[in-house]
Amino acid sequence: MALVAALILTSACSNSQANKAPFSKPVPVHVYPVAEETTRRRVQAVGSLFALEESTFSAQVEGRVDKVLVDVGDVVAESQPLVLLDPRELQFELEREQGMVKQVRAQLGIGPNDPPPTDPKKIASVQRAEADLFDADRKYARAKEMFKDNLISQQTYDEAASRYESSQATYDLALQEVNRLKAQLISSEANAALAAKKLSDATIRAPYPGAVESRNVHPGEYLRLQSPVLVLVRTDRLRARLAVPERWAGWIKDGATVDLHLEAFPGQTFEGRISRINPTVSQESRTFEAEALLDNSDGRLKPGFFVQASMPSEREDKAIFVPEPAVNYRYGVYKVFLVQGNHVSEKQILPAGQTEDQKGQRFEVAEGLKPGDRVAVPISGDLHEGDTVEEKVEASPATR
């Protein structure tokens with residue numbers, strides 16, 4: 001009885017499979033032949049974004065903080081005031097030095113915008129001393145002749161000689177005074193310029209457009225020289241510093257365009273350009289640093305973001321590609337469906353590095369396929385091992 005029951009069950013299953021086979025429909029697919037082609041390799045690297053410039057501003061003059069005009073996160077323009085110190089003491093110092101300049105110029109007899117005299121003999125005080133010397137010289141010469149002829153006394157002669165010597169000394173002193181005043185004018189004008197600079201330094205300004213990263217002062221504080229005030233970063237352009245594997249050292253060139261991807265903006269690509277390449281390789285990581293500059297005029301990107309970069313190289317290799325929809329990824333394994341007759345079978349493949357693919361979204365295969373193989377992509381639904389398939393010709397753009 002058991003044998004009869006087993007035969008009946010086997011016969012029923014056979015009839016069921018026989019009845020099912022005629023009703024299974026072929027799966028419509030597009031079939032793509034596998035071919036080998038020459039492709040240019042792209043280099044993959046990771047790194048971080050850095051500000052184009054980062055500056056810690058310090059106090060150039062001592063003084064009490066009057067106003068702090070910005071705070072952390074504020075975007076500032078070039079030359080915009082950031083911190084104001086109390087300017088009154090510096091203003092008084094400037095006025096004192098300017099008054100000294102006016103005094104010296106008045107002693108030299110020149111106007112506020114006149115250059116220092118090049119010929120001291122044109123100064124009024126020197127001309128007066130020169131006239132006195134000329135008069136004393138003539139009277140001394142006449143006294144010598146008259147004394148020789150015994151027409152004047154010794155006392156009169158001595159008085160003429162003494163007056164001449166005194167006039168000569170006065171003239172020499174007048175010349176020296178002019179030179180002293182000229183040197184004093186140079187010093188006074190330098191002091192006035194320095195006082196003006198210190199007054200200007202009481203307003204701390206942004207040397208470039210950027211954003212405030214940190215602020216270290218508050219109104220009312222007294223700042224000493226070189227006291228840190230705030231940190232400003234320039235973010236209208238950013239530096240992407242990338243760690244490139246050493247095997248690509250001979251293939252990366254200055255000026256190459258870099259595609260950058262950030263987790264903060266999934267699905268978007270930002271473009272940079274290689275500006276510097278470090279000539280040394282890190283012995284710890286076996287990588288070298290390449291720096292790319294990218295525009296950030298809209299301020300979307302921030303220093304510190306992690307980036308993944310893809311950059312072109314000069315290296316060309318033979319490679320095999322398949323359309324991305326033909327590749328199935330599950331549990332860490334990549335597979336495709338090979339067409340054999342009118343059936344498909346699963347084949348495991350190994351992915352290769354990304355290339356500079358100019359033909360759309362394709363997947364490069366390192367192992368598992370060879371030229372002449374044919375892979376299937378279902379038009380709708382899924383494929384399974386052993387499925388019967390029916391190839392459909394892909395419509396051209398003109399007939400769609």
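This section describes the packing of two helices, the geometry and burial of a third, and the surroundings of one strand residue in a predicted model.

Two packed helices are described by the angle between their axes and the distance between the axes. In this model, helix 2 (residues 88-108) and helix 4 (residues 154-201) have axes that come within 8 Å and cross at roughly 160°. Because angles over 145 degrees count as roughly antiparallel, helix 2 is roughly antiparallel to helix 4. The crossing of helix 2 past helix 4 is left-handed. The residues in the contact of helix 2 with helix 4 comprise 13 nonpolar, six polar and six charged.

Helix 3 comprises 25 residues (residues 124-148), for which a rise of 1.5 Å a residue predicts a span of 36 Å; the C-alpha atoms at its ends lie 36 Å apart, in agreement with that expectation. Its buried residues are V126, A129, L133, A136, Y140 and A143. An α-helix has 3.6 residues a turn, so residues three or four places apart point the same way. Helix 4 is included in what covers the buried residues of helix 3. After helix 3 comes N150, which has a positive phi, near 60°.

Strand 5 (residues 81-85) contains P81. With a relative accessibility of 27%, P81 is classed as partly exposed, since buried means under 20% and exposed over 50%. Apart from neighbours within four places in sequence, P81 contacts L69, T203, I204 and R205. The C-alpha atoms of P81 and V70 are 8.6 Å apart in space, while the two residues are separated by 11 residues in sequence.

Key:
Residues numbered from 1 in each chain as written. Predicted model: local features only at pLDDT ≥ 70, side-chain atom pairs only at ≥ 80, totals over all residues. Heavy atoms only, no water. Axes fitted to C-alpha atoms, helices over the stretch in contact; angles between N-to-C directions. Helix = DSSP H or I, 4+ residues; strand = E, 2+ residues; numbered from the N terminus. Parallel < 35°, antiparallel > 145°, perpendicular 65-115°, else oblique. Left-handed = near helix turned anticlockwise from the far one by under 90°. Nonpolar A, V, L, I, M, F, W, Y, C, P; charged D, E, K, R; others polar. Expected span 1.5 Å × (residues − 1). Buried < 20%, exposed > 50% of the residue type's maximum accessible area, 1.4 Å probe, protein only. Contact = heavy atoms within 4.5 Å.
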